[in-house]
2 protein chains.
Amino acid sequence: MNTALPTARPKASARQKLLDAALSVIRTKGYAATTVDELCAEAGVAKGSFFHHFKSKESLGVAAADYWSETTGALFETAPYHRHADPLARVLGYIDFRKALLTGRIEEFTCLVGTMVQEVYDTCPEIRDACDASISGHAAKVEADIAEAMTKYGIRGGWTAQSLALHTQAVLQGAFVLAKAKGNAEIAVASVDHLRRYIELLFHLRKGKDRA
Amino acid sequence: MNTALPTARPKASARQKLLDAALSVIRTKGYAATTVDELCAEAGVAKGSFFHHFKSKESLGVAAADYWSETTGALFETAPYHRHADPLARVLGYIDFRKALLTGRIEEFTCLVGTMVQEVYDTCPEIRDACDASISGHAAKVEADIAEAMTKYGIRGGWTAQSLALHTQAVLQGAFVLAKAKGNAEIAVASVDHLRRYIELLFHLRKGKDRA
DNA sequence: CTTATTATACTGACTGGTCGGTTTAATATC
DNA sequence: GATATTAAACCGACCAGTCAGTATAATAAG
């Protein structure tokens, strides 16, 4: 199987268009309710092309999760919060960056892999693993800054950098669920605010009772 | 096939069996991937019965969300943490109760309406509203204790009882997503621990740095 | 320059099966 | 006698996946 990148790139390849369509459609309707025909229509390619590039709908799901990891990875890699010299400032900058992303339509800020894994965790191990890799890989980058901040500020509670990093992801995923239920991002923003307040408290940036 | 069990049949109506089957199957496979035939097989009920009680699969989804609200409502109503006279003890007791539920197979402790709303928030407003009512109704009960605790202990930060109550639900929903991705409840337990620590900090039960 | 070969990208009609939902006709149960 | 319930046949739409064939483009041979 030669998965090499296309030799020449005259235009967006069918594969690329299908992956972009997958991100959009699956985030809107979920994985199971998304049909191959719909993806082809959205991408403007023939159905044959779909099965030329992906051996099944399931393998597209895996590829979409991987593609999600790449694109979001690039987004966060180049985000401005990395410029802070202080690791705690980077952690809080990350939270603020996530909060700033909570705008526009719901399907534009929610998480592809969080949506997919809810549906297929028990029925499709390959997609589940790809989703796990995406979430855990992202959390690992947050964890690095948290660990550095813990060392720098001598913080040791009954928790680890890893558990706090994963907790940030849990809050975000849960915020997406509530945003979907309520039909707007307001609650998600408020929840991320609580997450920030928690981290500030853990690192003594706030005394218990204070103003916003 | 007539299993010929004359009087052994207790009062479990077909509707009831279908709702129980829906909770189990949808929590395992998601709403879209669940078929009517599968629900009938799981419930041991003829397909005609399904459409006798529910006019469509979608209306079953709404009924399942309502049924979920009832059963979980009863579960929490009778939970022991309500015996605490102190409202803050009730809030923390609620968190501990939620944590204690995080055992067994994943589909046994995850949330039906959180799973469903992820899939259908944009495609089926009626199910989404039923899921929202379930989550928001549950949060409102937590909110009452939080509000009482805020008054009793004179806590006023830049947050409301409502936003904190919804935040607890976001943490739980997100913990379920991560548990599904990782295939076990460990991370969910750790995230609920973080949530408890946050509430303790908000109510001055902890000083920033301390032991577990 | 022309033709043959090879490999990949792509097409769209087609297929076998599944889906939600309907219908019918008979049987329990209250 | 009305309300459940059953079993099975049935329907049309839709589904994932197939297949035979076209398009393009690069390489090599005649």
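**Lys47(B) reaches a base of DNA strand C: a polar side-chain atom of this residue lies 2.8 Å from a base oxygen.** This is a predicted model; local features need pLDDT of at least 70, side-chain atom pairs count only at pLDDT 80 or more, and totals for chains, interfaces and linings use all residues. Residues are numbered from 1 along each chain as its sequence is written, chains are lettered from A and ligands numbered from 1 in the order in which they are written, and side-chain values use heavy atoms, leaving out hydrogens and water. Two phosphate contacts come from chain A. A side-chain N or O atom of Ser49(A) sits 3.0 Å from a phosphate oxygen of DNA strand C. Ala46(A) places a backbone N or O atom 2.9 Å from a phosphate oxygen of this strand. α3 (47–53) of chain A and α3 (47–53) of chain B are the elements giving two or more residues to the surface near DNA strand C. Helices (H or I, at least four residues) and strands (E, at least two) are DSSP runs, numbered from the N terminus. α3(A) gives the most, with five residues.

**The surroundings of DNA strand C comprise 15 residues.** The closest are Gly48(A), His52(A), His53(A), Lys47(B) and Lys57(B). Of the strand's atoms that come within 4 Å of the protein, 57% are sugar and phosphate. A residue is near a strand if one of its heavy atoms lies within 4 Å of it.

**DNA strand D is surrounded by 17 residues.** Val36(A), Lys47(A), Lys57(A), Ser49(B) and His53(B) are the closest. Sugar or phosphate supplies 61% of the strand's atoms within 4 Å of the protein; bases supply the rest. Lys47(A) brings a side-chain N or O atom to 2.7 Å from a base nitrogen of DNA strand D. On the phosphates, a backbone N or O atom of Lys57(A) lies 2.9 Å from an oxygen. For a polar backbone atom of Ala46(B), the distance to a phosphate oxygen is 3.4 Å. α3 of chain A and α3 of chain B each supply at least two residues of the surface near DNA strand D. α3(B) has the largest share, four residues.

**Chains A and B meet around a rotation axis.** A 180° rotation with 0.0 Å of shift along its axis superposes chain B on chain A (RMSD 0.1 Å). The two copies are thus related as by a two-fold rotation axis. In chain B, the C-alpha of Gly174(B) is nearest the axis, at 1.9 Å. The fit is by least squares on the C-alpha atoms of residues with pLDDT of at least 70 in both copies. Of the interface residues of chain B, 100% are also interface residues in chain A, so the copies meet through the same surface.

**Thr115(B) sits in helix α7 (residues 112–120) of chain B.** At 2% relative accessibility, Thr115(B) counts as buried (under 20% relative accessible area; exposed is over 50%, partly exposed in between; 1.4 Å probe, protein chains only). Its side chain reaches the backbone oxygen of Cys111(B) at 3.0 Å. Beyond neighbours within four places in sequence, Thr115(B) contacts Gln118(A), Ile26(B), Gly30(B) and Lys180(B) (heavy atoms within 4.5 Å).

**Phe203(B) belongs to the largest nonpolar core, which has 154 residues.** Ile146(A), Phe203(A), Ile146(B) and Phe203(B) have the most contacts inside this core. Such a core is a set of buried Ala, Val, Leu, Ile, Met, Phe, Trp, Tyr and Cys residues joined through side-chain atoms within 4.5 Å. Not counting residues up to four places away in sequence, Phe203(B) touches Leu88(B), Ile146(B), Ala149(B), Met150(B), Tyr153(B), Ile155(B) and Trp159(B).

Notes. Polar contact = N/O pair within 3.5 Å; in protein donor to acceptor, adjacent residues only side chain to side chain.
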